[in-house]
Amino acid sequence: MLPYFFLSKQLPDALIPTIPGPEMPLACLTDFQAFARERLPKSTWDFIEGGADDSFTRDDNIAAFKRKLFVAEHRIRLRPRYLKNVVNVDTRTTIQGEEITAPICISPTGFHCLVWPDGEMSTARAAQAAGVCYITSTFATCALEDIAATAPRGLRWFQLYVHPDRQLSKQLVQRVESLGFKALVITVDVPKLGNRRHDIRNQLDLKLNLLLKDLHSPKERTSMPYFQMSPIDSSICWNDLSWLQSITRLPIILKGILTKEDAELAMKHNVHGIIVSNHGGRQLDDVLASIDALAEVVAAVKGTMEVYLDGGIRTGNDVLKALALGAKCVFLGRPILWGLAYKGEDGVKELLNIIKNEFHTSMALTGCQSVAEINQDMIQFSRL
């Protein structure tokens, strides 16, 4: 078996939450957030929720959809159209030619076993049941073979951090392709780990208690604590995309693009898609909120590739706004971990069902029968 990132399933008891049922039904994504915050150990919660430096960008990702914090800034508001037949609202769409039940999919996040014992296998099963795409992280805590086997009909993409040993990265790419993953997502915004103060203050339990099996050659069998490893190649640049394209037939998606200049370079290098993302505010603080960077990237690519959005999506209205600004689909990160912390696979399915129903309502109340009808005429920028 080729090597993969792996967390020992022998998790310290302090990191495995005991989660009683809630006293009332959860009605929205922030209800799941509140539940997870109450139940998860502090270090685990801080690791999931923490941003870089002052966490300005993390918070702005969410605020940008409403603009509650910044009086001088614009806010995004919906322009509904009425007296339109919305008896049969259809939320289905496609990404990279594959149909999904709604333009709401799952971002790559690592270490799912921190919040639920079955980790990424539960996430994959929930995504399959919901009919949406799940991007599996390089830092998954379950074997890729197990993830593929537990949800064999699910649409899966794989997120890659390029390792300094290119041969190991090549083996991993070929492995995920053989397992039926349908796209390769290259995260571009981590040449170095962001300055995550919460983890520093907590002397993160991961560093002391959870060991990853680093990508290594077959002759090397050593394990190293996560934050003492250097598994990401800081030298990777645009010219390396041709190497990646030479070792796989999978479409290549770049995750982390925020500017028209990089979007234009993505076009030049013939990638298949872009995920507009600031890594949930966990990398470089003080960058644009993802939704604020979206229109610039969409305009730059001129319809030559699909553009997606990651960051700050919490409601069905948020999904509608992102699509109106040109996103083909949105991806959820932290909320999926909240769902897992609630009750594993069932929690993720429930969370996805809630936001899909909210999106269905948003479409009906703005006069859209299909996702294709969502356009920029449906939103307005106003001032507080």
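Which residues are buried in α11? In this predicted model, helix α11 spans residues 290-301 and has twelve residues, and the distance from its first C-alpha to its last reaches 16 Å, close to the 16 Å expected at 1.5 Å a residue. The buried residues of α11 are S290, I291, A293, L294, V297, A300 and V301. Because these buried residues fall within an arc of 155° when α11 is seen down its axis, they line one face of the helix. In general, an α-helix has 3.6 residues a turn, so residues three or four places apart point the same way. After α11 comes K302, whose phi is positive, near 55°.

The aromatic side chains were considered next. Nine aromatic pairs are found in a search of the whole structure. In one of these, F111 and F139 are stacked, with a centre-to-centre distance of 5.9 Å and an angle of 15° between the planes. This pair links distant parts of the chain, since F111 lies in the loop between β4 (104-106) and α4 (119-130), whereas F139 lies in the loop between β5 (134-136) and α5 (144-150), 28 residues apart. Burial applies to both partners, F111 having a relative accessible area of 5% and F139 a relative accessibility of 5%. A contrasting geometry is found for Y308 and F331, whose ring centres are 5.8 Å apart and whose planes stand at 85°, so that the pair is edge-to-face. Y308 belongs to strand β12 (residues 306-310) and F331 to strand β13 (residues 329-332), and the pair therefore ties together parts that are 23 residues apart in sequence. Both Y308 and F331 are buried.

F111 and F139 also belong, together with F47 and Y161, to one aromatic cluster. F47 has a further partner in R282, which lies over the face of the F47 ring at 5.2 Å from the ring centre. A similar arrangement involves R166, which lies over the face of W243 at 5.3 Å from the ring centre.

Salt bridges were then examined, and a search of the whole structure finds 14 of them. E177 and R249 form one such bridge, their closest N and O atoms being 3.0 Å apart. This pair links distant parts of the chain, with E177 in helix α6 (residues 166-178) and R249 in the loop between α9 (241-247) and β10 (252-257), 72 residues apart. The partners differ in their surroundings, for E177 counts as buried at 19% relative accessibility, whereas R249 is exposed, with a relative accessible area of 76%. In another bridge, the side chains of K343 and E350 meet at 3.5 Å, N to O; K343 is partly exposed at 35% relative accessibility, and E350 is partly exposed at 23%. D118, which is partly exposed with a relative accessible area of 34%, forms a salt bridge with R125 in which the closest N and O atoms are 3.5 Å apart. D118 and R125 are also part of a network of salt bridges that includes E345, D346 and K349.

The cysteines, by contrast, yield a count of zero disulfides. The cysteine sulfur nearest to C113 is that of C142, 4.1 Å away, and C113 is in no disulfide. C113 counts as buried at 6% relative accessibility. For C329, the closest cysteine sulfur is in C105, at 3.6 Å, which is too far for a bond, given that a disulfide requires the sulfur atoms to lie within 2.5 Å. C329 is likewise buried, at 0% relative accessibility.

Key
Residues are numbered from 1 along each chain as its sequence is written. This is a predicted model: local features need pLDDT of at least 70, side-chain atom pairs count only at pLDDT 80 or more; totals for chains, interfaces and linings use all residues. Side-chain values use heavy atoms; hydrogens and water are left out. Buried means under 20% relative accessible area, exposed over 50%, partly exposed in between (1.4 Å probe, protein chains only). A salt bridge is a side-chain nitrogen of Lys or Arg within 4 Å of a carboxyl oxygen of Asp or Glu. Helices (H or I, at least four residues) and strands (E, at least two) are DSSP runs, numbered from the N terminus. The expected span of a helix is 1.5 Å times one less than its number of residues. The arc is that of the directions from the helix axis to the C-beta atoms. Rings of Phe, Tyr and Trp (its six-membered ring) pair if their centres lie within 6.5 Å; planes under 30 degrees apart count as stacked, over 60 as edge-to-face and the rest as tilted. A charge sits over a ring if NZ of Lys or CZ of Arg is within 6 Å of the ring centre and within 35 degrees of the ring normal.
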